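Work through the exercises below with the sequence and the model at hand. Each task is followed by a solution in steps.

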Amino acid sequence: MQLYFSPLACSLATRIALYEAGAGATFSQVDSKTKRTLQGEAFLEINPLGLVPTLRSDTGEVLTENAAILQYVAEQFPEAQLAPTHGMPRTRLQQWLCFIGTELHKALFVPLLDPHAPEHAKRYALDHGAPRLALLERHLQGRDFLLDQFSVADAYLVTVLNWSLATPVTYTEYPALQAYIARVRARPHVARAFAEERQLYAQAHART
Ligand SMILES: N[C@@H](CCC(=O)N[C@@H](CS)C(=O)NCC(=O)O)C(=O)O
């Protein structure tokens with residue numbers, strides 16, 4: 001498998017999933033400004049929207065969209081048990097992947113991360129994000145993970161929650177959420193993925 005990624009972007013969730021699965025993969029870093037990989041490949045020819053994650057499967061299929069890619073990785077490595085396989089537990093996984101992708105990633109964090117977003121859009125995002133973070137807080141009280149065990153949804157959630165570092169979002173009011181973040185980040189594969197991408201992020205910024 002080949003993962004197109006940008007450091008600390010939402011594609012970090014796929015790196016985490018690949019590490020948790022023990023999957024062999026190659027990683028192609030995309031410069032989000034030039035839309036080229038560090039090797040000079042034209043990324044827009046692979047994904048016309050220029051978005052990461054983009055995954056090329058071993059059979060050459062190009063996949064986009066976090067929720068789909070994460071489930072694909074989980075299905076390729078069933079022994080890693082990164083996703084429930086069927087029934088209500090599978091539906092719950094999809095519920096959380098959609099919640100993270102739409103309610104948190106796009107609705108809360110994207111306007112806050114975008115330097116061109118108007119102030120009122122940022123205010124709107126923060127105001128509407130608060131009940132969503134509160135919902136997470138209630139869900140995580142007395143639970144270790146979003147589902148009964150670690151899943152690809154946790155990989156996506158810790159990736160997105162990490163963007164508080166670059167935004168006014170804080171978790172001080174949400175102790176269960178803070179404990180959850182610490183718990184998931186302490187997993188060796190998650191810690192490794194974050195450490196590697198933090199370094200790549202610093203290198204990318206040093207180049208600009
Ligand atoms: N709907 C896509 C969104 C992916 C996305 O927004 N990726 C961001 C990084 S977190 C990106 O590639 N941004 C570059 C750009 O907007 O040009 C998914 O869920 O995978």
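Helices, meaning H or I runs of at least four residues, and strands, meaning E runs of at least two, are taken from DSSP and numbered from the N terminus. The model is predicted.

**Exercise 1. Determine which residues surround the ligand, and classify them.**

Step 1. Collect the residues with a heavy atom within 4 Å of the ligand. The shell consists of Ala9, Cys10, Lys35, Gly50, Leu51, Val52, Pro53, Glu65, Asn66, His105, Lys106 and Trp163.

Step 2. Sort the shell by residue class. Six of its residues are nonpolar, three are polar and three are charged.

**Exercise 2. Find polar side-chain atoms that lie close to ligand atoms, then give the buried share of the ligand.**

Step 1. Apply the cut-off of 3.5 Å between N or O atoms.

Step 2. Take the ligand oxygens. One oxygen atom of the ligand is 2.6 Å from a polar side-chain atom of Lys35. For Lys106, a polar side-chain atom is 2.8 Å from an oxygen atom of the ligand.

Step 3. Take the ligand nitrogens. An N or O atom in the side chain of Glu65 lies 2.6 Å from a nitrogen atom of the ligand.

Step 4. Turn to the surface. The ligand taken alone exposes 520 Å², and 73% of that is buried by the protein.

**Exercise 3. Examine the backbone at Pro53 and Glu65, both members of the shell.**

Step 1. Read omega for the bond from Val52 to Pro53. This peptide bond is cis, with omega near 0°. Pro53 belongs to the loop between strand 3 (36-37) and strand 4 (54-56).

Step 2. Read phi for Glu65. The value is near 80°, which is positive although the residue is not glycine. Glu65 is in the loop between strand 5 (62-64) and helix 2.

**Exercise 4. Locate the pocket that holds the ligand and describe its lining.**

Step 1. Assign the ligand: it sits in the largest pocket. The volume of this pocket is about 1,500 Å³.

Step 2. List the lining. The largest pocket is lined by 43 residues, and those closest to its centre are Ser6, Pro7, Ala9, Cys10 and Ser32.

Step 3. Classify the lining of the largest pocket: 21 residues are nonpolar, 13 polar and nine charged.

Step 4. Map the lining onto elements. At least two residues each come from strand 2 (26-31), helix 2 (66-76), helix 3 (87-113) and helix 7 (188-207). Helix 3 contributes the most, with eight residues.

**Exercise 5. Repeat the analysis for the second largest pocket.**

Step 1. State the volume. The second largest pocket holds about 390 Å³ of space.

Step 2. List the lining. There are 22 lining residues, and Ala83, Pro84, Pro89, Leu147 and Gln149 are nearest the centre.

Step 3. Classify the lining of the second largest pocket: eleven residues are nonpolar, six polar and five charged.

Step 4. Map the elements. Helix 2 and helix 3 each supply at least two lining residues. Helix 3 gives the most here, with five.

Key
Residues numbered from 1 in each chain as written. Predicted model: local features only at pLDDT ≥ 70, side-chain atom pairs only at ≥ 80, totals over all residues. Heavy atoms only, no water. Polar contact = N/O pair within 3.5 Å; in protein donor to acceptor, adjacent residues only side chain to side chain. Areas by Shrake-Rupley, 256 points an atom, 1.4 Å probe, with all protein chains shown as cover. 1 Å grid on protein atoms, 1.4 Å probe; cavity = no way out; pocket = protein on both sides within 12 Å on 5 of 7 lines; lining within 4 Å. Sits in = over half its atoms within 2 Å of the grid points. Nonpolar A, V, L, I, M, F, W, Y, C, P; charged D, E, K, R; others polar. Points joined across faces, edges and corners; volume = space filled by probe spheres on them.
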